[in-house]
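Visitor: I am new here. Please show me the structure, and let me ask how each label is earned.

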Amino acid sequence: MFNKLLKRMADTETVIENNERVYAAAAQKVPEHIAIIMDGNGRWAKKRSLPRVAGHHEGMKTVRKITKLANELGVSYLTLYAFSTENWKRPKMEVDFLMRLPEEFLSVFLPELIEENVRVEMMGYHHNLPAHTIEAVRKAKEATKDNTGLVLNFALNYGSRAEIVDAVKNIAAQVAAGTLDISEITEEHITTGLMSCDMPEPDLLIRTSGEVRLSNFMLWQLAYTEFWFTETLWPDFGEESLLEAIENYQKRNRRFGGLKGEEAN
Ligand code: FPP
């Protein structure tokens, strides 16, 4: 009884502390666009002697928590790397499970996303995706299209090199057709040819699970992004974890290749 009471008090203290951190973080410059490589689901499951897919399922619950907090903090775009063009190499059973996750997530949480004014988007290649996955995303996009809060952008069957190649092909076609001169080609032509063309570039990239690489994720768009790598596995990445990443981001001096503050004087 006494132990239970102590635990309840500790939980209440954590909630109060988190709320204070949320207010403090929201009062400073919040990243407009956060991109996350959600890694470590398999290891989370293995540690518990569970099948890998149990880790993905738990990871789906983290998506809910992090979306909610990002929206509360005033983040405008949250891009989540849910399935890469390379992930097809995984066992069929795992791929099938991952392809069902957007459907499950949206069937359970779509009402909540609508209530929270979140807009669902998807970035990735439709070919190869099962019809049920495309349909679940289409329904969610349609139901949330007029929402003005956070844009929850799922990178699904997404590969950065492939999208850059597509953007280059598009430019080459314009040159071949005589509508664009080579001397007129700018960075803007690549940027507008990417699937993220309607979004600002990410301000903060988070990768969980201790891996320190980009794995073909938004290679062009991350040129000036601040990186945050954490050992925490994605299913364990809670509100405190996101707050820690944002608090650290807020202390950084972004220079975009130039000088800022005192150095510039
Ligand atoms: C990488 O962890 C994770 C993925 C390939 C899938 C990420 C998907 C989710 C977190 C769920 C997404 C939810 C929705 C709603 C789409 P891993 O399996 O490579 O982990 P490991 O490196 O520990 O093996």
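Guide: Start with the terms: helices are DSSP runs of H or I with at least four residues, and strands are runs of E with at least two. By that count, the protein chain has eight helices and six strands. Keep in mind that this is a predicted model.

Visitor: What pattern does the protein chain follow along the sequence?

Guide: The order reads α-β-α-α-β-α-β-α-β-α-α-β-β-α.

Visitor: What makes the protein chain as compact as a globular protein of that length?

Guide: Set two values side by side. The globule rule gives 18 Å for 265 residues, and the radius of gyration is 20 Å. The two are close, so the protein chain is as compact as a globular protein of that length. Along its principal axes, the C-alpha trace spans about 80 × 60 × 35 Å.

Visitor: How many of the 265 residues count as buried?

Guide: The share is 43%.

Visitor: Why is asparagine 71 called buried?

Guide: Buried means under 20% relative accessible area. Asparagine 71 has 18%, so the label buried applies. This residue lies in helix α3, residues 52–73.

Visitor: How do you know that the side chain of asparagine 71 makes a polar contact with glutamate 116?

Guide: A polar contact needs a pair of N or O atoms within 3.5 Å, one able to donate a hydrogen and the other to accept it. A polar atom of the asparagine 71 side chain lies 2.8 Å from the backbone oxygen of glutamate 116. The distance is within the cut-off, so the pair counts.

Visitor: Which backbone atom of leucine 150 does the side chain of asparagine 71 reach?

Guide: The backbone nitrogen, at 3.2 Å. Leaving aside residues up to four places away in sequence, asparagine 71 touches Glu116, Val118, Gly149 and Leu150.

Visitor: What sets the phi of serine 209 apart?

Guide: Its sign. Serine 209 is not a glycine, yet its phi is positive, about 80 degrees. Serine 209 sits in the loop between β5 (204–207) and β6 (226–229).

Visitor: Is serine 209 buried or exposed?

Guide: Its relative accessibility is 5%, under the 20% limit, so serine 209 counts as buried.

Visitor: And why is serine 215 called partly exposed?

Guide: Partly exposed covers values between 20% and 50%. Serine 215 has 31% relative accessibility, so that is its class. Serine 215 is also found in the loop between β5 and β6. Its phi is positive too, near 45 degrees, in a residue other than glycine.

Technical notes. Residues are numbered from 1 along each chain as its sequence is written. This is a predicted model: local features need pLDDT of at least 70, side-chain atom pairs count only at pLDDT 80 or more; totals for chains, interfaces and linings use all residues. Side-chain values use heavy atoms; hydrogens and water are left out. The radius of gyration is taken over C-alpha atoms; the globule rule is 2.2 Å times the number of residues to the power 0.38. Buried means under 20% relative accessible area, exposed over 50%, partly exposed in between (1.4 Å probe, protein chains only). Contact means heavy atoms within 4.5 Å.
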